[in-house]
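Load the model in your viewer, switch to a cartoon view, and keep the selection box handy. We will go stop by stop, from one helix outwards.

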Amino acid sequence: MTEPAMTEPESAAAVPVDASAYREAMSRLASAVHLITTDGPGGRAGFTASAVCSVSDAPPTLLVCVNRASSAYAALTHNGTLCVNTLGEGHEAVAGLFGGRTPMDERFAAGTWRRLRSGAPALADALVSFDCRIVGRHAVGSHDVLYCVVEALAAPGQADALLYSERRYHTLSSAPRSGSAPAEPARAVRTVGVRSAEGPARALRSA
Ligand SMILES: Cc1cc2nc3c(=O)[nH]c(=O)nc-3n(C[C@H](O)[C@H](O)[C@H](O)COP(=O)(O)O)c2cc1C
């Protein structure tokens, strides 16, 4: 039986991976884009995030990575609740506001909101909103990993998914409806955003 081809391992003396090389490598990944919001005794706050990941469906649990230096951090940890609002095409501007140094009132003025269970603002036209209670927190480097149990869901939006990759926004087109030409690809990615001065560094910092 033939052994699979393997390249030689890097030498033990290899230069360690530096932060900027890591950020550059992470920029190649395509990620969904979310607004993380909270409200309660700690105040109303929110920020744009790509570092969101499902952990388990029993119980439904996800994680969010948040920079402890971000202006939303104190409110999130004080309230102990958050809502993950997944964005679609047309949400590039609100993603920019929540990702920049914009006052909280201006961020929230850019959307229409409702409440699910926790009291955190849920974006009315999000692709999906995961309303959560924070059940665990783990500090890693500059960020906290927040473990969140999902206590309510809403999926009001019909838009194509918004992605962030190569420091730009893109949309992922939905599968064609029946009757489309068979040769048409099932999903197509289209760039919709321009490179922003704020987005890249902030997004990369979040990785
Ligand atoms: C596309 C994109 C994705 C981001 N992902 C994250 C993330 O996962 N975690 C994080 O802490 N910050 C992330 N950021 C940066 C925060 O949105 C930003 O630092 C936050 O709004 C804090 O800014 P403030 O301190 O002015 O409120 C992202 C920014 C952008 C534009």
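**Stop 1: helix α3**

Start by selecting α3 and showing its side chains: Glu-92, Val-94, Ala-95, Phe-98 and Gly-99 are buried there. Now look down the axis of α3: these buried residues fall within an arc of 165°, so they line one face of the helix. Keep in mind as you go that this is a predicted model.

**Stop 2: the seven-stranded sheet**

Next, colour the strands. In what order do the 7 strands of the open sheet run? Following them across gives β3-β2-β6-β9-β10-β5-β4, with antiparallel pairing. At the edges you will find β3 (45-49) and β4 (52-57), each of which pairs on one side only. Step from one strand to the next and the twist averages 30°. Bring back helix α3 (residues 92-99), which packs on this sheet and touches β2 (34-38) and β3. The direction of α3 makes about 115° with that of β3.

**Stop 3: β6 and β9**

Zoom in on strand β6 (residues 81-86) and strand β9 (residues 128-140), an antiparallel pair joined by 6 bridges. Which residue of β9 stands opposite Val-84? Pick Phe-130 and you have it.

Stay on Val-84 and select its contacts, leaving aside neighbours within four places in sequence: His-34, Ile-36, Val-52, Leu-62, Val-64, Ser-129, Phe-130 and Cys-132.

**Stop 4: the nonpolar core**

Val-84 also leads to the next selection, since it is among the residues with the most contacts inside the largest nonpolar core. Add Ile-36, Val-64, Leu-82, Cys-83, Leu-87 and Cys-132 to complete that list; the core itself has 33 residues. As background, nonpolar side chains in soluble globular proteins tend to be buried together.

**Stop 5: the four-stranded sheet**

Now move to the other strands: 4 of them form an open sheet in the order β1-β11-β12-β13, with antiparallel pairing. Its edge strands are β1 (31-32) and β13 (189-191), and each pairs on one side only. Select strand β11 (residues 161-165) and strand β12 (residues 168-172), which run antiparallel and are joined by 5 bridges. Within this pair, Leu-163 stands opposite His-170 of β12.

**Last stop: the whole chain**

Zoom out to see the protein chain with its 5 helices and 13 strands. Of its 207 residues, 32% count as buried. If you plot a contact map, expect residues 24 or more positions apart to account for 65% of the contacts with a separation of 6 or more.

Conventions
Residues numbered from 1 in each chain as written. Predicted model: local features only at pLDDT ≥ 70, side-chain atom pairs only at ≥ 80, totals over all residues. Pairing = 2+ DSSP bridges. Helix = DSSP H or I, 4+ residues; strand = E, 2+ residues; numbered from the N terminus. Core = buried A, V, L, I, M, F, W, Y, C linked by C-beta atoms within 7 Å. Buried ≥ 20, exposed ≤ 12 C-beta atoms within 10 Å, placed from the backbone. Contact = placed C-beta atoms within 7 Å. Axes fitted to C-alpha atoms, helices over the stretch in contact; angles between N-to-C directions. Arc of directions from axis to C-beta.
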